[in-house]
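Please examine the sequence and the three-dimensional structure shown here before reading on. The paragraphs that follow discuss some of the helices and their surroundings.

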Amino acid sequence: MTRYKAIISYDGSQFSGFQRQTNARTIQEEIEKTLSKLSNGQVVTIQGAGRTDAGVHAYGQVIHFDLKKKRDVEKLRFALDTQSPDDIDFVSLEEVSDQFHARYCKHLKTYEFLVDVGRPKNPMMRHYATHYPFPLKLEPMEEAIKYLIGTHDFTGFTASGTTIENKVRTLLRADITFDTDRNFIIFTFTGNGFLYKQVRNMVGTLLKIGNGRMPVEQVKLILKEKNRQLAGPTLAGNGLYLKEIIYED
């Protein structure tokens, strides 16, 4: 068996998420169907670095899979890229050691969240940015987001339904930029792991702070009390992008 690592990008708007589901279109299922077709019917299972939710996009998702026969890497990448659905692209492909695992090898993830603050909203971006129609001030959000950097228990920013007991994660980067040309606010987070809907909950909280409905110190209170009820709403997944995954050597 030969193991391959791929970086893929996808438009998540027509998917029910990354992970295979019953009676739903998923990234995993579509890629596995293409791999099977290219491998003369061999059943091929892919492993992803993260399981993005319905509507969530990716620039740099990482997957790995095993094939019985060694293949020319660029020819295989081209075949996967052209025979997968148009909303999935294979950015790169390489042969890796059997010890590599997309999910379990130590890595950092970077997520971006795009918020459209234009009035009216941009209809062309309705699947690719979450519209926020209320007044916002950047300064309080820029102050509040700094409290998220570091190692914390993020229970208060986790959606119900998660089965993960250890909710301590480390954020190395958390910042905000404003795209004046498109009227987009871009939230960027880099960390060693993210909990279920954590980014969407953090951004929902920061927007309430920017709207004046929560104080800047609310972030510190949520981290201290570990209470989801103290945080803001869970935003829709259409503004979320898995931007990059960096593995340790």
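Which residue takes a positive phi just after α5? In this predicted model, the residue is K226, which lies just after α5 and has a phi of about 55°.

Helix α5 itself spans residues 218-225, and its buried residues are Q218, V219, I222 and L223. These residues lie on the same side of α5 because they cover an arc of only 140° around the axis. The buried residues of α5 pack against α3, α4 and β7, the last of which comprises residues 150-153.

Two of these partners, α3 and α4, also pack with each other. Helix α3 covers residues 138-145 and helix α4 covers residues 198-210; the angle between them is about 140°, and their axes are 8 Å apart. The two helices are therefore oblique to each other, and their crossing is right-handed. In this contact, P140, M141, A144 and I145 of α3 meet L206, L207, I209 and G210 of α4. The residues of the contact comprise 7 nonpolar and 1 polar, with no charged residue.

Earlier in the sequence, helix α2 occupies residues 73-83, and L76, R77, A79 and L80 are its buried residues. They cover an arc of only 165° around the axis, so they are on the same side of α2. By contrast, K75 and F78 are exposed on the other side of α2. Which elements are included in what covers the buried residues of α2? Among them are helix α1 (27-38) and the strands β1 (2-10), β3 (57-67) and β4 (88-96).

Notes
Residues are numbered from 1 along each chain as its sequence is written. This is a predicted model: local features need pLDDT of at least 70, side-chain atom pairs count only at pLDDT 80 or more; totals for chains, interfaces and linings use all residues. Side-chain values use heavy atoms; hydrogens and water are left out. Axes are lines fitted to C-alpha atoms, for helices over the stretch in contact, and angles run from 0 to 180 degrees between N-to-C directions. Helices (H or I, at least four residues) and strands (E, at least two) are DSSP runs, numbered from the N terminus. Angles under 35 degrees count as roughly parallel, over 145 as roughly antiparallel, 65 to 115 as roughly perpendicular and the rest as oblique. A crossing is left-handed if the near helix is turned anticlockwise from the far one by less than a right angle, and right-handed if clockwise. Contact means heavy atoms within 4.5 Å. Ala, Val, Leu, Ile, Met, Phe, Trp, Tyr, Cys and Pro count as nonpolar, Asp, Glu, Lys and Arg as charged, and the others, Gly among them, as polar. Buried means under 20% relative accessible area, exposed over 50%, partly exposed in between (1.4 Å probe, protein chains only). The arc is that of the directions from the helix axis to the C-beta atoms.
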